[in-house]
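Trainee: I'd like to practise reading a structure with you. Can I ask where each label comes from as we go?

Mentor: Sure, let's pull it up and start.

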Amino acid sequence: MYPKITVVTPSFNQGEFIERTILSVISQDYPNLEYFVCDGGSKDMTIEIIKKYQDKIDWWCSEKDNGQTAAINKGMKRATGDLCCWINSDDVLLPGSLFQVAEFYAKHPDCEFMNGVFMECDKQDRILGIRHILMNKFLMKHGCGNVCQQGMFWKRSLFDRLGYLNESFHAMMDFEWLIRVYESGAKVMLFDKPLGAIRVYAETKTAQHGLIWEVDNEAIRKMYNGDYVRNRHSFYFILFVCYKIVKGCYLKNIIETLIYRGKKITSYSY
């Protein structure tokens, strides 16, 4: 019996990409999928695209909201899946990734939160690179953490213990959510392969950086008494880099990027 997986896509004026996002979810052919799309009142072609696939979407809405994090929570509060994730409307899940998630949790029933590794792609769905990460609470608490939101899958029961995403965060909501998961003592595990791909282009919040990142970072500093604030100039960062070398992260990055760079996302196989 496959666990039910709830996937939520927050959306706002991403008509250029959202069809590929939706297809990356519904084309998984996963037999126990719950899929929600929460749109913030898009004015481009987004709604027409959602309607095109609405028979494959369990629920969707298009209405003014308080931003991406609020849209994600709107979907998560409807979730009935055993496992949850969100995939943004310009990112994609990799083919077969939901089956990989189900198999991982079957092998590790004590796991409550899993994270895959980074895959980056361009506007044309060509792979730019793969970056292996570490999941380590001690190092993350000392400012040297990794999070790959496109590969985050967790047990829905965590919401009962921790609440939902903090809607005051508009850039680092995934990072703050992982902090709460770690602080709760939940079992966190790494899946050492990509499960989704983040699209890299100039207009993204990630690429533009900006004030929202500074505001969120300062909020984390205050909420957690200076812990979890990224610091590339500490002893712990040196330790972090050494640990990644020992674990083979950088070598795997080089090899897998050489293999896949320039190829379509669909070329990746588990």
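Trainee: How many bridges join E6 to strand E9, and do they run parallel or antiparallel?

Mentor: This is a predicted model, by the way. Four bridges join E6 to E9 (residues 188–194), and the two strands run parallel. The cut-off for calling strands paired is at least two bridges, so with four bridges E6 and E9 count as a pair. One bridge to look for is Met114, whose partner in E9 is Met189.

Trainee: What makes E6 and strand E10 a pair?

Mentor: Two bridges join E6 to E10 (residues 196–199), and they run parallel. At least two bridges are needed, so E6 and E10 make the cut. Cys121 has Arg199 as its bridge partner in E10.

Trainee: Which strands pair with E6 in the antiparallel sense?

Mentor: Strand E8 (residues 152–155) does, over three bridges, and so does strand E7 (residues 127–131), over four. In E8, Trp154 stands opposite Phe113 and Met152 stands opposite Asn115. In E7, Ile130 stands opposite Met119. E8 also has antiparallel bridges to strand E4 (residues 83–86), two of them, and there Leu83 is partnered with Lys155.

Trainee: What do E6 and E7 form, and how many residues lie between them?

Mentor: They form a hairpin, with five residues between the strands. Asp125 sits in that turn and has a positive phi of about 70 degrees.

Trainee: Why is E6 called largely enclosed?

Mentor: Eight of its nine residues (113–121) are buried, so the rest of the structure largely encloses E6. Buried here means under 20% relative accessible area.

Trainee: What makes Phe138 and Tyr236 an edge-to-face pair?

Mentor: Set the numbers against the cut-offs. Their ring centres are 5.8 Å apart, and the limit for a pair is 6.5 Å. Their planes are 70 degrees apart, and over 60 counts as edge-to-face, so the label fits. A search of the whole structure finds 20 aromatic pairs. This one links helix H5 (residues 137–141), where Phe138 lies, to helix H10 (residues 235–246), where Tyr236 lies, so the pair ties together parts 98 residues apart in sequence.

Trainee: Why are Phe138 and Tyr236 called partly exposed?

Mentor: Partly exposed covers the range between 20% and 50%. Phe138 has a relative accessible area of 47% and Tyr236 has 27%, so both fall inside that range.

Trainee: How do you know that Tyr224 and Tyr228 are edge-to-face too?

Mentor: Same routine. The centres are 5.7 Å apart with 75 degrees between the planes, and that angle is over 60, so they count as edge-to-face. Both of these tyrosines are buried.

Trainee: Why does Tyr228 count as buried?

Mentor: Its relative accessibility is 1%, and the cut-off is under 20%, so Tyr228 counts as buried. Tyr228 lies in the loop between helix H9 (211–223) and H10. Tyr228 and Cys144 are 84 residues apart in sequence, but their C-alpha atoms are 7.6 Å apart in space.

Trainee: Which residues form one aromatic cluster?

Mentor: Trp86, Phe113, Trp154, Phe159, Tyr164 and Trp177. You've already met Phe113 and Trp154, standing opposite each other in E6 and E8.

Trainee: How do you know that the charged end of Arg131 sits over the ring of Phe118?

Mentor: The charged end of Arg131 is 4.5 Å from the ring centre, and the distance limit is 6 Å. Arg230 does likewise over the face of Phe175, at 4.6 Å from the ring centre.

Trainee: What lines the second largest pocket?

Mentor: It's lined by 14 residues, and Ser24, Leu93, Pro95, Ile265 and Thr266 lie nearest its centre. Helix H1 (18–26) and strand E5 (92–93) are the elements giving two or more residues to that lining. H1 gives the largest share, three residues. The space in this pocket is about 190 Å³.

Trainee: How many of the lining residues are nonpolar, polar and charged?

Mentor: Six are nonpolar, five polar and three charged.

Terms used. Residues numbered from 1 in each chain as written. Predicted model: local features only at pLDDT ≥ 70, side-chain atom pairs only at ≥ 80, totals over all residues. Heavy atoms only, no water. 1 Å grid on protein atoms, 1.4 Å probe; cavity = no way out; pocket = protein on both sides within 12 Å on 5 of 7 lines; lining within 4 Å. Points joined across faces, edges and corners; volume = space filled by probe spheres on them. Nonpolar A, V, L, I, M, F, W, Y, C, P; charged D, E, K, R; others polar. Buried < 20%, exposed > 50% of the residue type's maximum accessible area, 1.4 Å probe, protein only. Phe/Tyr/Trp six-rings, centres within 6.5 Å; stacked < 30°, edge-to-face > 60°. Lys NZ or Arg CZ within 6 Å of the ring centre and 35° of its normal.
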